[in-house]
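Biologist: Hi! Could you walk me through this structure? I'm new to this, so plain words please.

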2 protein chains.
Amino acid sequence: MDWITSRICDAATAAEMIQDGDILGLSGFTLAGYPKAVPSALAARAQKLHEQGQHFKVDLFSGASTGDSCDGALARAEAIGLRMPYQSNASLRKGINSGSIRYIDAHLGKMGYLVRTGAVPAPTVAIIEVSAILPDGRICLSTSGGNSVCYLDMAKKIILEWNTRLGESCMEIHDNALPELPPHARPLPIYSAGDRVGEDLVRIDTNKVIAIVKNDGYDEVTPFVEPDTISTNIGERILDFIRFEESRGRLPKGMAYQSGVGKVANAVLCAMANDDRLGKIDIFTEVIQEAVLPLLKKGKLGVASGTALTLSQAAQEEFVKNSADWKKHFVLRQQEVSNSPDVIRRLGVISMNTALEVDIFGNVNSSLVCGSSMMNGIGGAADFARHCALGFFLTPSVAKDGAISSIVPYVSHVDHTEHDTQIFVTEQGLADLRGLSAEDRARLIIKECAHPDFKEPLTDALEYGLKHAKGKHLPLALTKAFEMHNRYLETGKMLP
Amino acid sequence: MDWITSRICDAATAAEMIQDGDILGLSGFTLAGYPKAVPSALAARAQKLHEQGQHFKVDLFSGASTGDSCDGALARAEAIGLRMPYQSNASLRKGINSGSIRYIDAHLGKMGYLVRTGAVPAPTVAIIEVSAILPDGRICLSTSGGNSVCYLDMAKKIILEWNTRLGESCMEIHDNALPELPPHARPLPIYSAGDRVGEDLVRIDTNKVIAIVKNDGYDEVTPFVEPDTISTNIGERILDFIRFEESRGRLPKGMAYQSGVGKVANAVLCAMANDDRLGKIDIFTEVIQEAVLPLLKKGKLGVASGTALTLSQAAQEEFVKNSADWKKHFVLRQQEVSNSPDVIRRLGVISMNTALEVDIFGNVNSSLVCGSSMMNGIGGAADFARHCALGFFLTPSVAKDGAISSIVPYVSHVDHTEHDTQIFVTEQGLADLRGLSAEDRARLIIKECAHPDFKEPLTDALEYGLKHAKGKHLPLALTKAFEMHNRYLETGKMLP
């Protein structure tokens with residue numbers, strides 16, 4: 001019996017091989033390419049053990065967020081001790097915010113580096129979804145790169161989930177290089193979004209493989225929704241601005257685009273697909289979202305490089321069907337490379353990320369509601385924000401039917417400092433903050449981006465700061481910094 | 001008459017060539033290598049014009065901070081409109097915090113990039129201190145690299161200040177490469193702190209040179225002070241921790257050291273010089289401070305690479321005298337290279353920077369007192385903090401005779417987010433935050449780093465947050481976030 005056949009078992013059997021206290025290194029990034037059978041079997045096992053009064057918790061490291069059958073099931077089974085570096089699941093979020101699950105929200109591009117250098121412990125068991133297993137000990141990853149190469153290398157034990165639905169659709173898509181570790185590391189020779197610098201298959205130590213479990217599941221990505229008016233408006237403002245910068249000679253041709261996750265980011269890509277003046281573009285991003293497909297179908301996509309191919313079920317089927325024709329347009333990298341500060345800076349990336357809230361001085365919160373309650377996490381935005389050639393943060397100007405202004409006197413949590421942000425865009429307008437001092441930034445953001453209902457209270461906060469703050473460099477009065485947030489927490493509205 | 005002789009004039013004559021509204025691109029970084037004659041002549045001119053009722057202000061771009069005869073004189077003459085990207089001068093600070101001088105506090109490693117890509121306007125006049133001018137149109141910079149190559153290239157007019165005191169002491173020290181601009185930029189082939197990738201002399205367009213002014217001044221650096229007990233204590237804790245990490249196999253040999261500016265950072269280098277167990281080390285930093293000299297004299301310095309050689313007057317004299325022997329140990333780079341995220345990450349840097357205040361969740365404020373009043377600026381710390389292999393933020397646990405705790409429930413300004421910090425050190429102890437969730441970080445920082453007088457109020461703030469914050473992920477109650485700061489602003493003390 002060959003090594004593959006001898007390791008094949010069902011999910012429950014594989015779950016039995018995982019012990020209380022194990023650190024699991026999972027494949028998967030924004031619901032693409034995570035293991036779909038073993039985690040839910042593990043959740044069932046944990047539940048059973050808990051009913052017997054036994055302690056059973058594991059730590060979960062991943063690429064980024066995984067599906068509800070993984071993050072959700074394990075959270076509901078109270079089987080997660082620590083989760084790192086990103087999530088977007090309702091059940092898991094509840095555990096994090098109730099204090100029952102510890103969560104470390106980390107730069108996604110640095111997670112693998114932290115593991116490889118020993119700054120955080122190595123996973124004890126890697127659970128990796130693959131699309132192919134070769135008899136010679138090489139595997140093909142599935143729909144995301146994530147930290148899979150790192151976890152396969154660092155973990156003592158490996159469980160492979162073999163997604164048989166994918167067939168050969170993921171072959172030749174991956175580029176599995178990792179940056180060298182310091183000291184004296186050489187740079188990755190990536191000069192264009194499509195440059196390949198590694199192998200598409202990963203050679204693993206077959207002696208470490210303790211189980212192979214088949215699945216034929218889909219990535220549980222929600223169906224694609226056409227952009228709404230507000231998102232489309234934001235997308236068009238960005239395209240207008242890019243054309244303006246090009247016309248001023250400040251944006252050379254050949255830059256690559258990065259767009260974050262979510263409906264506003266999707267809307268930008270849709271606006272690009274619908275823009276006849278825009279030529280063929282390359283994408284160098286973290287998550288290749290569904291809105292890339294319209295670009296591809298219109299012949300406007302050069303290459304899309306990312307670490308995850310996050311598609312709805314319908315689009316997943318379409319991808320498998322058309323993969324032979326489409327795959328030359330895609331490169332899936334390990335997330336240390338898709339989010340590499342070095343490569344981002346050298347390629348020249350036009351970066352577009354969604355903010356949870358921004359403040360009038362230029363700081364951005366992308367993770368914590370009211371400074372304490374985790375939404376998803378910082379994700380990879382920080383490396384793009386700091387190292388991009390041109391950087392946008394996008395948000396509708398208000399949320400919850402106008403109860404909340406996305407623009408506040410001071411963000412309740414800082415994920416991107418005033419030093420790392422360039423341009424804010426809402427459906428109201430666009431504020432180019434480059435070369436402006438704090439007070440000038442504040443006046444421009446209020447004028448261009450704030451919702452009309454909030455222009456006055458925001459201006460009041462600024463004027464109060466100019467009168468009462470200790471210094472006028474960044475005129476923030478600490479006594480009133482969170483007045484709008486505190487009112488919202490008390491009354492459900494930021495305004496009286 | 002050759003081109004050099006024909007341009008030589010006195011400082012007052014050169015100052016006449018500068019117009020109201022000019023943007024001056026100055027050499028100089030942390031008081032090393034700034035122009036010493038023209039700025040003060042310009043301040044005198046501005047004062048005279050103001051007395052005549054004329055408007056006269058210029059914008060000042062630099063490497064980083066310059067001496068009082070430059071930043072100070074121009075600030076006192078009310079001749080500065082906008083200052084960017086860093087300063088440390090009392091008069092200038094006063095103008096910034098009173099709102100009369102606009103100030104943009106930017107990542108020092110990115111300033112040149114912003115100018116070269118047009119994100120901020122190019123200087124109209126470059127005023128650059130040089131140590132040598134060759135008839136063939138090449139110059140040798142003086143004691144700092146800064147953004148001088150960028151400003152010499154981008155400005156339409158050039159004024160050279162020829163520091164005749166320096167003789168040949170700065171020849172062969174500089175390495176004047178700049179990173180290529182995107183798209184498709186190639187990386188700088190720097191793999192060790194001492195690697196040279198450019199020319200030591202800069203070729204300039206001699207047609208742009210409108211004046212050459214001689215000076216024989218010293219960089220106005222304050223005399224070196226031996227470290228006090230608290231700083232020494234912090235330095236020794238860091239060395240102990242580095243040895244611990246090495247013993248655990250988490251820190252390969254061959255990493256380079258970076259140390260920030262100030263007495264605590266100096267103390268770390270002094271502790272290294274006094275440590276007999278420590279072998280020869282390389283330094284890859286922004287500012288090469290005087291405390292590097294003891295390492296050099298004890299034969300423990302391989303190479304010190306930086307963008308500024310910031311020495312007291314006595315040490316400047318010593319350097320000129322010994323430069324023939326010493327210069328092989330020094331490389332002065334442009335600040336886009338000394339602070340390059342790419343090079344920092346690939347070299348593997350052990351980074352040590354001073355914080356103004358830190359909070360229990362891991363955020364660091366390095367620039368703003370009580371969230372609004374500018375001290376100096378963020379400097380280059382952010383690129384080192386995010387991209388280093390091992391990163392320390394250092395601060396004495398209290399300031400102002402115990403009235404202020406450097407550890408607070410929430411920093412009043414965020415320069416480095418919780419995602420970018422690793423290890424906090426005070427004279428009380430050291431907290432390794434890697435792999436810890438927010439609550440665990442808080443408990444460890446309070447236990448290890450806080451001053452005994454503040455352990456209880458900080459714990460109270462954390463417990464209050466765990467009870468009252470919207471979420472427990474990062475248990476910060478916004479209503480009490482700045483309670484200690486607000487009490488300090490009211491009473492002069494953070495405690496009741």
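Modeller: Happy to; we can talk about how the chains meet, then about the domains.
Modeller: This is a predicted model, where local features need pLDDT of at least 70, side-chain atom pairs count only at pLDDT 80 or more, and totals for chains, interfaces and linings use all residues. Residues are numbered from 1 along each chain as its sequence is written, chains are lettered from A and ligands numbered from 1 in the order in which they are written, and side-chain values use heavy atoms, leaving out hydrogens and water.

Biologist: Thanks! How many residues does each chain give to the contact?

Modeller: Chain A gives 80 residues and chain B gives 80 residues. Contact here means heavy atoms within 4.5 Å.

Biologist: And how much area do they bury?

Modeller: About 6800 Å² between chain A and chain B, with 57% of it on carbon and sulfur atoms. Buried area is the accessible area (1.4 Å probe) that two parts lose on being put together, summed over both. On the chain A side, A:Arg386, A:His473 and A:Leu478 lose the most area to chain B, together 11% of what that side buries.

Biologist: How many salt bridges cross that interface?

Modeller: The rule finds five between chain A and chain B. A salt bridge is a side-chain nitrogen of Lys or Arg within 4 Å of a carboxyl oxygen of Asp or Glu. In one, B:Arg102 pairs with A:Asp440, at 3.2 Å from N to O.

Biologist: What about the make-up of chain A's side, by class?

Modeller: The side of chain A that touches chain B has 35 nonpolar, 27 polar and 18 charged residues. In this scheme Ala, Val, Leu, Ile, Met, Phe, Trp, Tyr, Cys and Pro count as nonpolar, Asp, Glu, Lys and Arg as charged, and the others, Gly among them, as polar.

Biologist: New topic: which domains does chain A have?

Modeller: Domain 1 covers 3–215 and domain 2 covers 234–491; such bounds come from an automatic or database domain assignment. Their centres, taken over C-alpha atoms, are 28 Å apart. Domain 1 puts 53 residues into the contact, and domain 2 puts in 42 residues.

Biologist: How much area is buried there?

Modeller: About 3600 Å² between domain 1 and domain 2 of chain A, of which carbon and sulfur atoms give 52%. In domain 1, A:Ile173, A:Ile190 and A:Ala193 lose the most area to domain 2, together 17% of what that side buries.

Biologist: How many salt bridges between those domains?

Modeller: The count is two. A:Arg116 also forms a salt bridge with A:Glu336, whose closest N and O atoms are 2.8 Å apart.
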